[in-house]
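Dear colleague,

I am passing the structure on to you with this message, and below it I have set out what was found in it. Please read the notes with the structure open beside you.

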Amino acid sequence: MYLATAIHHETQPINQISIDYTPEACTHCPESNSITLTYDHRGGARWRSTTRFLYGTFSSLIQCPKGNTSGLNFNIYLSSLEGDKSQDEIDFEFLGKDKTIVQTNYYASGTGNREEIHDLGFDCSDAFHECVIKWCPNFIEWLIDGKVVRKVEKREGEGFPEKPMFLYASIWDASYICDATWTGPYMGCYAPYFCLYKDICVPVGTAVECSCDS
């Protein structure tokens with residue numbers, strides 16, 4: 001039986017964000033609930049919610065960068081704290097070498113290696129598409145344009161994300177990983193690259209009071 005209640009599905013527009021690095025490459029417009037991340041000679045940028053949440057539904061319309069994006073990673077994901085070796089995490093990651101696929105993954109106490117690749121059936125840079133993460137005490141769902149692309153149920157003895165998490169998104173050069181086999185070699189011939197987010201929503205009623213720097 002899934003432990004999911006209305007509180008896990010009710011959402012509200014994100015009002016404030018924190019920018020972890022390169023603030024000049026991240027533009028946030030609260031009035032239109034939109035964020036633009038830029039990748040160019042300055043590198044990329046990463047934003048996050050100002051609070052953590054313990055379960056709930058997270059969503060955004062995303063239009064990925066146009067042109068040859070080989071080498072880049074653009075994404076939306078949850079993390080208890082980026083860079084923490086014991087972090088919990090739930091990911092949507094678009095891999096610049098092929099914009100017709102998306103990778104999902106999740107971590108529990110720093111352990112991941114649960115990647116799956118999904119065919120989108122479209123180029124993620126052609127238009128806005130909705131990405132949704134539903135994280136409940138007993139299951140996780142990843143949805144694209146209302147279609148469930150992956151579902152994971154909590155199982156006894158297996159790791160499952162249970163720490164309060166921020167909503168994050170970033171664009172970065174991942175070409176150094178696995179000798180560029182993951183996202184491809186970085187080309188940069190279409191820079192600057194813009195990843196667009198709009199109608200970004202976070203849960204109602206599941207925010208957890210905490211320091212944003214710990």
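**Charges over rings**

Arg48 lies over the face of Phe166, at a distance of 4.7 Å from the ring centre. Please keep in mind throughout that this is a predicted model, and that the values below were computed from it. A second charge is placed in this way at Lys151, which lies over the face of Phe139, at 5.0 Å from the ring centre.

**Salt bridges**

The count of salt bridges comes to six, and I describe some of them here. Arg48, besides lying over the ring of Phe166, forms a salt bridge with Asp20, in which the closest N and O atoms are 2.9 Å apart. This pair links distant parts of the chain, since Arg48 belongs to strand 5 (residues 45–49) and Asp20 to strand 2 (residues 17–21), with their positions 28 residues apart in sequence. Arg48 has a relative accessible area of 7% and therefore counts as buried, whereas Asp20, at 28% relative accessibility, counts as partly exposed. The two residues are also part of something wider, in that Asp20, Arg46 and Arg48 are linked in a network of salt bridges.

Lys151 likewise appears again, because Glu141 forms a salt bridge with Lys151 according to the rule that asks for a side-chain nitrogen of Lys or Arg within 4 Å of a carboxyl oxygen of Asp or Glu, and here the closest N and O atoms are 3.3 Å apart. Glu141 is in strand 13 (residues 139–144) and Lys151 in strand 14 (residues 147–153), 10 residues apart, and the pair is one that links distant parts of the chain. As for exposure, Glu141 counts as buried at 12% relative accessibility, while Lys151 is partly exposed, with a relative accessible area of 38%.

A further salt bridge joins Arg42 and Asp40, whose closest N and O atoms are 2.9 Å apart. In this pair Arg42 counts as partly exposed, at 35% relative accessibility, and Asp40 is buried, with a relative accessible area of 13%.

**Aromatic pairs**

Turning to the rings, the count comes to 10 aromatic pairs. One of them is formed by Tyr77 and Tyr168, which are stacked, with 5.2 Å from centre to centre and 5 degrees between the planes. Tyr77 lies in strand 8 (residues 72–79) and Tyr168 in strand 15 (residues 166–173), so that this pair, 91 residues apart, links distant parts of the chain. Both Tyr77 and Tyr168 are buried.

By contrast in geometry, Trp172 and Tyr176 form a pair that is tilted, at 6.3 Å centre to centre and with 55 degrees between the planes. Why does Trp172 count as partly exposed? Its relative accessibility is 21%, and the band for partly exposed residues begins where the limit for buried ones, under 20%, ends. Tyr176, for its part, counts as exposed because its relative accessibility is 62%, and the cut-off for that class is over 50%.

Ring pairs also link Tyr77, Phe166 and Tyr168 into a cluster. Phe166 is the ring over whose face Arg48 lies, and Arg48 is in turn the partner of Asp20 in the salt bridge described above.

**The annotated residues**

The UniProt record, an unreviewed entry, lists Glu89 and Glu93 under "active site", and the annotation may be inferred rather than shown by experiment. In the model, the lining of the largest pocket includes both Glu89 and Glu93. Glu89 lies in strand 9 (residues 89–95) and is buried, with a relative accessible area of 9%. Leaving aside its neighbours within four places in sequence, Glu89 is in contact with Tyr77, Leu78, Ser79, Asn105, Tyr106, Tyr107, Pro161 and Met165; Tyr77 in this list is the tyrosine that stacks with Tyr168.

**Tyr186**

Where is Tyr186 found? Tyr186 sits in the loop between strand 15 and strand 16 (193–203), and at 29% relative accessibility Tyr186 counts as partly exposed. Once neighbours within four places in sequence are left aside, the residues in contact with Tyr186 are Tyr39, Ser70, Gly71, Leu72, Asp173, Ser175, Ala191 and Tyr193. The C-alpha atoms of Tyr186 and Thr11, which are 175 residues apart along the chain, are separated by 37 Å.

With kind regards

Methods:
Residues are numbered from 1 along each chain as its sequence is written. This is a predicted model: local features need pLDDT of at least 70, side-chain atom pairs count only at pLDDT 80 or more; totals for chains, interfaces and linings use all residues. Side-chain values use heavy atoms; hydrogens and water are left out. Rings of Phe, Tyr and Trp (its six-membered ring) pair if their centres lie within 6.5 Å; planes under 30 degrees apart count as stacked, over 60 as edge-to-face and the rest as tilted. Helices (H or I, at least four residues) and strands (E, at least two) are DSSP runs, numbered from the N terminus. Buried means under 20% relative accessible area, exposed over 50%, partly exposed in between (1.4 Å probe, protein chains only). A charge sits over a ring if NZ of Lys or CZ of Arg is within 6 Å of the ring centre and within 35 degrees of the ring normal. On a 1 Å grid over the protein atoms alone, a cavity is a set of points where a 1.4 Å probe fits but cannot get out, and a pocket is an open set with protein on both sides within 12 Å along at least five of seven lines; lining residues have an atom within 4 Å of a point. Contact means heavy atoms within 4.5 Å.
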